Amino acid sequence: MMSWEKNVRKVVPYVAGEQPKNPNIIKLNTNECPYPPAPGVGAALHGFDCSILKRYPDPDAALLVEALARRHGLSPKQVFVGVGSDDVLAMAFMTFFQSGKPILFPDITYSFYDVWADLYQIPYECQPLDEYFCIRKEDYFKENGGIIIANPNAPTGVLAQVSVLEEIIKANPDSVVIIDEAYVDFGGESCAGLINQYENLLVTQTFSKSRSLAGLRIGYAMGSEKLIHYLNDVKFSFNSYTMNAVTIAAGIASVEDEAYLQDTVAKVVRTRERVKKELSDLGFIFPDTMTNFIFAAHETVPAQEIFEALRTNGIYVRYWNKPRISNYLRISIGTDEEMDKLISFLKDYFGSCYTGGQKG
Ligand SMILES: *Cc1c(COP(=O)(O)O)cnc(C)c1O
């Protein structure tokens, strides 16, 4: 190895779900929303005055921050925006997990958490979920350097009650507790209502799932003024202009159409509920989900085999060959038409013993 190479920061990067070039595949592998974003987003982009691009954007993204603050009933000083919640979470790890003590998160969760911990050389200890993929709150009542919990959790889809999370937040006044609510719009209760009570609570959300804007890259954090202030100090020490002017304009249009968000979420939830039924008729078992995906194992056929068969036939879902979850597929909720194709493929695949929804 060349001598300079010894001094390189070496990390094992996060592996995102595939973004295939072929537009004809059925893409149920990255929890995107199958419907377009709110119509106001297109209008904002079409009407965008390009002459303002000669200037730097507003480093505070104040108009977007204010729109989000209004939506959540918070002060703008309690809101921080970034380039997707991945950017916000990476910034939060860098800002708040500085104690040198291990941070805590579940053993099965968003697989970016251990990557950021490694990147910033933050020690961590994974806490095992129980056999139903539920958090055991006692695991978070010990000394730690911070806590991050996705709620609902990914890739399991399991929702923890706000009261349980509140006990964890309350038991850890010396740590920052981050609740990652990427999927909360699909049926979970948000912890954002606890922000004025707990100075150590940071709640993150994203425009990538329920708002159909994964390609735009907007995420945000809500917390006490102090937490948001510290986050901004780090952000302004890193890159003042994370949010570009086009994204800010389009993002505001999305936030201003609450009815469209609720309609979209309702459509996804309706599809999810019927797909749950069809998957159980086909012999799948899964924890109940409060997200736009289902984390399912089959009674008899190994997940990896189903995954490969689906993939060969142009249906992409997500599979991890990792301890405890190697027999599960994470299936995002697409349109009704896409889900019909998935179900019809699976019916054929499992053969005659599963036809007509009767288990053989
Ligand atoms: C999708 C996702 C994110 C990141 O989303 P962004 O596109 O970066 O906003 C964060 N946390 C969880 C649990 C997710 O599933």
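This report describes the pockets, the cavity and the ligand surroundings of a predicted model.

**Largest pocket and ligand**

The largest pocket encloses about 780 Å³ of space. Its lining comprises 39 residues, and those closest to its centre are Tyr14, Tyr110, Ser111, Arg318 and Arg330. By class, the lining of this pocket has 19 nonpolar, 10 polar and 10 charged residues. Three elements, helix 3 (84-96), strand 3 (103-106) and strand 4 (124-127), each contribute at least two lining residues. Helix 3 gives the most to the lining of the largest pocket, with four residues.

The ligand sits in the largest pocket. The residues around the ligand are Gly84, Ser85, Asp86, Tyr110, Ala154, Asp180, Ala182, Tyr183, Thr206, Ser208, Lys209 and Arg217. This shell divides into four nonpolar, four polar and four charged residues. Helix 3 also gives the most to the shell around the ligand, with three residues.

Polar contacts to the ligand include those in the table.

| Ligand atom | Protein partner | Distance |
|---|---|---|
| Oxygen | Ser85, polar backbone atom | 2.6 Å |
| Oxygen | Tyr183, side-chain N or O atom | 2.6 Å |
| Oxygen | Arg217, side-chain N or O atom | 2.7 Å |

Taken alone, the ligand exposes 380 Å², and the protein buries 92% of that area.

**Second largest pocket**

The second largest pocket holds about 360 Å³ of space. Of the 21 residues that line the second largest pocket, Val15, Ser111, Arg318, Trp320 and Lys322 are the closest to its centre. Ser111 and Arg318 are also among the residues closest to the centre of the largest pocket. In the lining of the second largest pocket, 11 residues are nonpolar, four are polar and six are charged. Helix 4 (113-119), helix 9 (303-312) and strand 12 (318-319) each supply at least two residues of this lining. Helix 4 gives the most, with three residues.

**Cavity**

The structure holds one cavity of 30 Å³ or more. The largest cavity has a volume of about 50 Å³. Lining the largest cavity are Pro36, Pro37, Ala38, Ser210, Arg211, Ser212, Ser254, Asp257, Tyr260, Leu261 and Thr264. The largest share of this lining, three residues, comes from helix 8 (residues 258-281). Five residues of the cavity lining are nonpolar, four are polar and two are charged.

Conventions
Residues are numbered from 1 along each chain as its sequence is written. This is a predicted model: local features need pLDDT of at least 70, side-chain atom pairs count only at pLDDT 80 or more; totals for chains, interfaces and linings use all residues. Side-chain values use heavy atoms; hydrogens and water are left out. On a 1 Å grid over the protein atoms alone, a cavity is a set of points where a 1.4 Å probe fits but cannot get out, and a pocket is an open set with protein on both sides within 12 Å along at least five of seven lines; lining residues have an atom within 4 Å of a point. Grid points are joined across faces, edges and corners, and a volume is the space filled by probe spheres set on the points. Ala, Val, Leu, Ile, Met, Phe, Trp, Tyr, Cys and Pro count as nonpolar, Asp, Glu, Lys and Arg as charged, and the others, Gly among them, as polar. A residue is near a molecule or strand if one of its heavy atoms lies within 4 Å of it. A polar contact is a pair of N or O atoms within 3.5 Å; within protein, one must be able to donate a hydrogen and the other to accept it, and residues adjacent in sequence count only if both atoms are side-chain atoms. Accessible areas come from the Shrake-Rupley method with a 1.4 Å probe; for residues, only the protein chains shown count as cover. A molecule sits in a cavity or pocket if more than half of its atoms lie within 2 Å of its grid points.
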